[in-house]
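The following note is offered for a colleague who wishes to read the model alongside its sequence. The points are numbered for ease of reference.

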Amino acid sequence: MHLELTRVVQGSGRLGVLRGLSRTRPHHSLETPGCLLYTHLGSVPHLTQDTLHTLKDLPSVTQVTLSDIAEHQEVLESFKEGFRKFAGLHDTVLYCSLHDPAALCPAGYTTNKTVSVWGSGGRMELTVTKFMSLQKCTQPDWYTSMADGETWQVNTTRKRVRKSVDRTLAHLDECLLLHHKLPELEEVSVFGVVEGGDIVDERLRSARETAKRPVVGFCLDGFQTGFMEPSVRAQLIAAVTEELPEDKPRLLPGVGRPDEVLACVEAGVDVFEGFFPFQVTERGCALCFRFDVTPDPESAGRAPPAVLELNKEEEVVRNGNVNRDDQTQMTPFEINLKDKRYEDDFGPLVKGCGCYSCQNHQRAYLHHLLVTNELLAGVLLMIHNTSHYLGFFKALRAALASDQLELLKRRVMEAGGRESD
Ligand SMILES: [Zn+2]
């Protein structure tokens, strides 16, 4: 795998293409900044493979999590042909992460030799040997090495952070050692995990040491939404990415809100997990923020939003992410279709959206499906939310290519949720 950078502007992000994503699937590439396809056990929630493939610009990399897979190890071992075939995923690059970004992961369960993951049946403790035996039967194209990432809580001590960096490096070395002994993983690539909590010198040590190992990219752990002041996070990510080799991708788990994605791209991140549309769908909401940077003839003559209102919205965006509960709470980028105000709203979810849901249905119908608990609500919302989110990433790359990132940021922040009301 190699990253071809077409444009790098210090402090404004990197535009590029990841090529040769997998040795068995060399024709696949991923444009960056980009996101992965979020799944539960290989399936995008609410959507069949048929429906999924009607969406445009789907990411070429599908994410599965070890927390989902671990409890099916015996079945996969007897199946023998890897998770991609098991789940009916025919032609996608498979990425296996340790944790599910959309699920809470309780703290206090790591030891020097183990980490814990939570599946539907509860907690499972993994040693490196167990972790690698899971990779052996999953047969992904990429995986992140085992890591001790329990440093996201406020007031984690320096001693604990140092221990997390040391353990994560030790786990990586052990994973690499076993990896090279397993012929099943010959074609598989490893992402090293950078830890270090909110302590800059530990972050830098983790980045430098991980970069010395034979990894294809870096997973910047411990920056999940809700645990760190966004400005501190951006500074730490910028410091870490400075230390990392330019030609390898940086993946940021647990961050999906559009405003946070923009800030982290500016700090040097290339790849995000695509779980945000799923979270929005689960709360009965539709993404409706704007990301168009070309003048809209319809709104061209309209007065700009009141400055006071804009500031208020930005304040919500800035202050809204210091609490883990926000993962399940509405953001300013969506509308809540269960709200009675949509009962007789016969417009599409988003005017001008080309997705199936917006082309064929109205807000009032989605409201009806949600209040009557019809399963179709999740299907239609997931189609729109995924399509809208992928459109945002496309616009982000276009804005980087044409020096319009500032304009895109203003558009995303000012329009959050209100524009289509
Ligand atoms: Zn739509």
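1. The expected span of a helix is taken as 1.5 Å times one less than its number of residues. Helices (H or I, at least four residues) and strands (E, at least two) are DSSP runs, numbered from the N terminus. Helix α8 covers residues 230-243, and its 14 residues should span 20 Å at 1.5 Å a residue; the end C-alpha atoms are 20 Å apart, which agrees.

2. The model is predicted: local features need pLDDT of at least 70, side-chain atom pairs count only at pLDDT 80 or more, and totals for chains, interfaces and linings use all residues. Residues are numbered from 1 along each chain as its sequence is written.

3. As to confidence, pLDDT is the predictor's confidence in each residue, from 0 to 100. The protein chain has a mean pLDDT of 89, with 90% of its residues at 70 or more. Residues 297-324, however, have pLDDT below 50, and this stretch has 28 contacts in the model beyond near neighbours in sequence; a contact requires the C-beta atoms of two residues, placed from the backbone, to lie within 7 Å. A further stretch, residues 417-421, stays under 50 and has 12 contacts beyond four places in sequence. Where pLDDT is low, the predicted coordinates should not be read in detail.

4. Which residues of α8 are buried? Burial means 20 or more other C-beta atoms within 10 Å of a residue's own, exposure 12 or fewer, and partial exposure anything in between, with C-beta atoms placed from the backbone. In α8 the buried residues include P230, R233, L236, I237, V240 and T241. They cover an arc of only 130° around the axis, which puts them on the same side of α8; the arc is that of the directions from the helix axis to the C-beta atoms. Exposed residues S231, V232 and E242 are carried on the face of α8 turned away from its buried side.

5. An open, antiparallel sheet of three strands follows the order β1-β2-β3, where pairing requires that DSSP find at least two bridges between two strands. Strands β1 (2-9) and β3 (29-32) are at the edges with a single partner strand each, so one side of each has no neighbour in the sheet. From one strand to the next the twist averages 10°.

6. Within this sheet, β1 and β2 run antiparallel and are joined by seven bridges, R7 having L15 of β2 as its bridge partner. Their hairpin has three residues between the strands, and G11 takes a positive phi near 80° there. Strand β2 (residues 13-19) is joined to β3 by four bridges, also antiparallel; L18 has L30 of β3 as its bridge partner.

7. Helix α14 (residues 376-401) lies across β1, β2 and β3, at about 115° to β2. Axes here are lines fitted to C-alpha atoms, for helices over the stretch in contact, and angles run from 0 to 180 degrees between N-to-C directions.

8. A second open sheet has nine strands with parallel pairing, in the order β4-β14-β13-β12-β11-β10-β7-β6-β5. Its edges are β4 (34-35) and β5 (37-38), each with a single partner strand, so one side of each lacks a neighbour in the sheet. Four bridges join β11 (residues 189-194) to β12 (residues 217-220) in parallel, and V193 stands opposite C219 in β12.

9. K338 belongs to the loop between β16 (334-336) and α12 (356-360). With 15 C-beta neighbours inside 10 Å, K338 counts as partly exposed. Beyond its neighbours within four places in sequence, K338 is in contact with G284, H367, L370 and V371.
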